[in-house]
Amino acid sequence: MVTWITLTGLASAASVVSLTLTGPTAPLEWGAGPLTVDSLPRVTYVAHRGGAREVPENSMSGLMAAYRRGTAQVLDLDTQMLRDGTLVVLHDPTLNRTTFLGGEVRGLSAPEWQGVRLRPRASLPGSWRSERPPTVAEVLDRLGGRIVLMLEAKDPRSIEGLARLIRTRGLTRSVFVNSNDPEVARRTHRLGLLSQLWRTAGQLRRDHPERWRPFVDLLDVDHRARDADIARAVRSGIPRVWAHTVLTPAQRDRALALGCDGIVTDAPGRLARRPARGAHLGASPWRA
């Protein structure tokens, strides 16, 4: 069930912004092939939810802005599943925090999703307009192959659907599928996808990450974990060990000193140690 949230002032005006949608864009021209994880640098920076302290989280405008700025080599986003199986981009299981609506995401159908509008936080730098959250297919069609993507499957039932979307676009080496559950990571690996597993500081105290080496391509560790736990993850034999969610230079430097080779951050523009391809403080709404 979806409920309306009372709107006032500028929020009310933003809620009526409408984006013309004409269906998925055609797959991009890749030349010899799409960009894959093999192209990632020795130390990788990931824009968490697109870089949630710099752009509206999990929005197409935010993802496109993060891509153009070039301070991250991987874009992270969260996926939910609607009641008809459509896969969409949103972090929470409800609409309340980030949109002008309330209610459970899984209660919506694809046509109803067309009426959802994001509510950009006033504290974000730049000027951002309200827009519909994209579907996973739209993100893959717009950005797949241009940059490595990280999709967190919030609903474990969605793994097979994600696999179909990724396979049909030839992106099995370009997209990590992320979960907190080792068994979901194992399923992801069996489906021929790049498997990512994230763990909290508390979980890492009890974990034996070397056991996951046969089916985990990327281990994503909480930067607040103990030195010994992060070091054990780095020694596990899993090819990549990245730290989340890093917000300060001191946190970044500690994770790198402990052997992590990736930084997952809400502020890639501030933390990435390389110049951007191009800086944009704001972005126009995306157009499909």
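Of the 288 residues of the chain, 55% count as buried in this predicted model. The secondary structure comes to ten helices and eleven strands. Contacts reach well along the sequence too: taking those with a separation of 6 or more, 62% are between residues 24 or more positions apart.

A good place to start is helix α2, which spans residues 60-69 and is mostly covered, with nine of its ten residues buried. The buried set runs through Met60, Ser61, Gly62, Leu63, Met64, Ala65, Ala66 and Tyr67, and also takes in Arg69. As for what does the covering, strands β2 (44-47) and β3 (74-81) are included, and so is helix α4. Right after α2 comes glycine 70, whose phi is positive, near 75°.

The stretch leading up to α2 has some backbone oddities of its own. Arginine 49 has a positive phi of about 55° even though it is not a glycine, and its place is in the loop between β2 and α2. With a relative accessibility of 16%, arginine 49 falls under the 20% cut-off and so counts as buried. Asparagine 58 is another residue other than glycine with a positive phi, in this case near 55°. Its place is likewise in the loop between β2 and α2. Asparagine 58 has a relative accessibility of 1%, so it counts as buried.

Next come the helix pairs. Two packed helices are described by the angle between their axes and the distance between the axes. For α2 and α4, that angle is about 25° and the axes lie 11 Å apart. The two helices are therefore roughly parallel, given that angles under 35 degrees are counted that way. The crossing of α2 past α4 is right-handed. On the α2 side the contact is made by Met60, Leu63, Met64 and Tyr67, and on the α4 side by Glu138, Val139, Arg142 and Leu143. Sorted by type, the residues of this contact come out as six nonpolar, no polar and two charged. All four of the α2 residues named here, Met60, Leu63, Met64 and Tyr67, also appear among the buried residues of that helix.

Helix α4 (residues 136-143) has a second helix to deal with, namely α5 (residues 159-168). These two pack at an angle of about 25°, with their axes 10 Å apart. That angle makes α4 and α5 roughly parallel to each other, and their crossing is right-handed. Here Val136, Ala137 and Leu140 of α4 meet Leu162, Leu165 and Ile166 of α5. The residues of this contact split into six nonpolar, no polar and no charged.

Further along the chain, strand β8 (residues 194-199) has five of its six residues buried, so the rest of the structure largely encloses it. Its partner β7 (residues 175-179) runs parallel to it and is joined to it by four bridges. Within this pairing, asparagine 178 stands opposite glutamine 196 of β8.

Helix α8 (residues 227-234) has its own buried residues: Asp229, Ile230, Ala231 and Ala233. They pack against a mix of elements, with helices α7 (201-206) and α9 (249-257) on the list alongside strands β9 (218-222) and β10 (240-246).

One last spot worth a look is glycine 107, found in the loop between β5 (101-103) and α3 (110-113). Its relative accessible area is 27%; the partly exposed class runs from 20% to 50%, so that is where glycine 107 belongs. Leaving aside neighbours within four places in sequence, glycine 107 is in contact with Arg83 and Glu112. The C-alpha atom of glycine 107 is also separated by 9.3 Å from that of methionine 81, a residue 26 positions away along the chain.

Notes
Residues are numbered from 1 along each chain as its sequence is written. This is a predicted model: local features need pLDDT of at least 70, side-chain atom pairs count only at pLDDT 80 or more; totals for chains, interfaces and linings use all residues. Side-chain values use heavy atoms; hydrogens and water are left out. Axes are lines fitted to C-alpha atoms, for helices over the stretch in contact, and angles run from 0 to 180 degrees between N-to-C directions. Angles under 35 degrees count as roughly parallel, over 145 as roughly antiparallel, 65 to 115 as roughly perpendicular and the rest as oblique. A crossing is left-handed if the near helix is turned anticlockwise from the far one by less than a right angle, and right-handed if clockwise. Contact means heavy atoms within 4.5 Å. Ala, Val, Leu, Ile, Met, Phe, Trp, Tyr, Cys and Pro count as nonpolar, Asp, Glu, Lys and Arg as charged, and the others, Gly among them, as polar. Buried means under 20% relative accessible area, exposed over 50%, partly exposed in between (1.4 Å probe, protein chains only). Two strands pair if DSSP finds at least two bridges between them.
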